Amino acid sequence: MNINNLESIVSKSREVTEKDIKLFEIWRGYKLPEDFIEFNLKLPGAYFEGEFDAVGRKNSLISNILLFSKDDEDSIYIDEAYGIKDFGSFVIFGEDPGGNFIAFDYSKDELNPSVVFLDHEELGLIELPEGTTEDDFTAAEIDKMMNSDKLIDFPWAIHYVSPSFTDFMNSLKYSVPQKYDLPYEKLDINEFEKFIHDIKPDVPDSFRKFIIHYAGVKFNGRVVNLEKHVVRIDTVINFNKKSIIDYYEYISLKGGEEKFKNLIPFLLISYNNELRDSSMIALNMENDKMSIVVIPHDVLHKKDVINEKDLIYITDNIDKFFEDLTAIIEG
């Protein structure tokens, strides 16, 4: 695959298999390009912010590749949109934030489709041939143009972009996302130091420095690899009673201090990049042996006291963990 800037793309879906792709091809009646197939096998549910120029539509956008599942809202199984029911030789595969589509155009080559941009605001509108007026057409002809459900009847809504998927992807100008969002409520250093002094006096200095620097920070769903554990990092716990993720309030809502015993949850994540998962990375100080662990979703949201067997071990090299995590965050 010769697609550039893959580091700007986040995968936000379950694994896509060759069977998933074959089932769609059978349903739609067209063979998808090999570079597009390879891309989806590697980056299922790809999400990114890319800008490109289409013929007649400069500064167009794409936000995501559609999903190979009939059950998802952003499904590639599109059989109707904006009054169009017959897409003919156009296979929609992506969309922008405004509800427009990016599609393959097989009209000239059924093996090597080009990429086009479909402007939904131009669907259903009449654009008469140059040099003509409505008076040159019968009422029936005008009515047919107004009420057609065939995409091919709205050629002005179809804007050529690129000769191939790879060429299209390599033409994108990616928006540079912020590394993270700073919190509205800053760390209450007095509250945090009291926590350290009165409750957990033995916490490593690397943990203390991490919280002081990143408390309350939100990471915009960045997917990272921590000691071979793939997680989507969300928000660092805060120590500020006004914060929506204040440590004491969070612990209370999740079952109280007795439930967590020697655990200090500090980073809200989705484990294995599962979109509906909400787990926590925590510092485990049980039996005088410190380690970094994941409190899985099902354990975190039960009222039962958390046992060590319920946890997913990451590492006992605490200082290196925070050093690596900081490098990832700032990288």
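This passage describes the overall form of a predicted model, its salt bridges and the surroundings of one buried aspartate.

The protein contains 10 helices and 14 strands. Its radius of gyration is 26 Å, whereas the globule rule gives 20 Å for 331 residues; the value is well over that figure, so the protein is more spread out than a compact globule. The C-alpha trace extends over about 85 × 40 × 35 Å along the principal axes. Of the 331 residues, 48% are buried. Among contacts with a sequence separation of 6 or more, 59% are between residues 24 or more positions apart. The exposed surface of the protein amounts to about 17,900 Å², and 49% of this area is supplied by carbon and sulfur atoms.

Side chains of opposite charge can pair when their charged atoms come close. In the whole structure, 12 salt bridges were found. One of them joins the side chains of Lys31 and Glu34, with an N to O distance of 2.8 Å. Lys31 is partly exposed, its relative accessible area being 36%, and Glu34 is exposed at 53%. This pair also belongs to a network of salt bridges that links Lys22, Glu25, Lys31 and Glu34.

Two further salt bridges were examined within helices. In helix 5, which covers residues 189-199, Lys194 and Asp198 are 4 residues apart, or about one turn of the helix. Their side chains meet in a salt bridge with an N to O distance of 3.1 Å. Lys194 is exposed, with a relative accessible area of 52%, while Asp198 has a relative accessibility of 44% and therefore counts as partly exposed. In helix 6, which covers residues 205-214, Asp205 and Lys209 are likewise 4 residues apart, and so are separated by about one helical turn. The closest N and O atoms of the salt bridge between Lys209 and Asp205 are 3.3 Å apart. Lys209 is exposed, at 53% relative accessible area, and Asp205 is partly exposed, at 40%.

Asp96 presents another case. This residue is located in the loop that connects strand 4 (90-95) with strand 5 (101-105). Asp96 is buried but takes part in no salt bridge. The nearest side chain of opposite charge is that of Arg57, at a distance of 5.5 Å. A salt bridge requires a side-chain nitrogen of Lys or Arg within 4 Å of a carboxyl oxygen of Asp or Glu, and the 5.5 Å between Asp96 and Arg57 does not meet this cut-off.

The side chain of Asp96 instead approaches backbone atoms of its own loop region. It reaches the backbone nitrogen of Gly98 at 2.9 Å. A polar atom of the Asp96 side chain also lies 3.0 Å from the backbone nitrogen of Gly99. When residues up to four places away in sequence are not counted, Asp96 touches Leu61, Ile62, Ser63, Ile102 and Phe117.

Conventions. Residues are numbered from 1 along each chain as its sequence is written. This is a predicted model: local features need pLDDT of at least 70, side-chain atom pairs count only at pLDDT 80 or more; totals for chains, interfaces and linings use all residues. Side-chain values use heavy atoms; hydrogens and water are left out. Helices (H or I, at least four residues) and strands (E, at least two) are DSSP runs, numbered from the N terminus. Buried means under 20% relative accessible area, exposed over 50%, partly exposed in between (1.4 Å probe, protein chains only). Lys and Arg count as positive and Asp and Glu as negative; His and the chain ends are not counted. A polar contact is a pair of N or O atoms within 3.5 Å; within protein, one must be able to donate a hydrogen and the other to accept it, and residues adjacent in sequence count only if both atoms are side-chain atoms. Contact means heavy atoms within 4.5 Å. The radius of gyration is taken over C-alpha atoms; the globule rule is 2.2 Å times the number of residues to the power 0.38. Accessible areas come from the Shrake-Rupley method with a 1.4 Å probe; for residues, only the protein chains shown count as cover.
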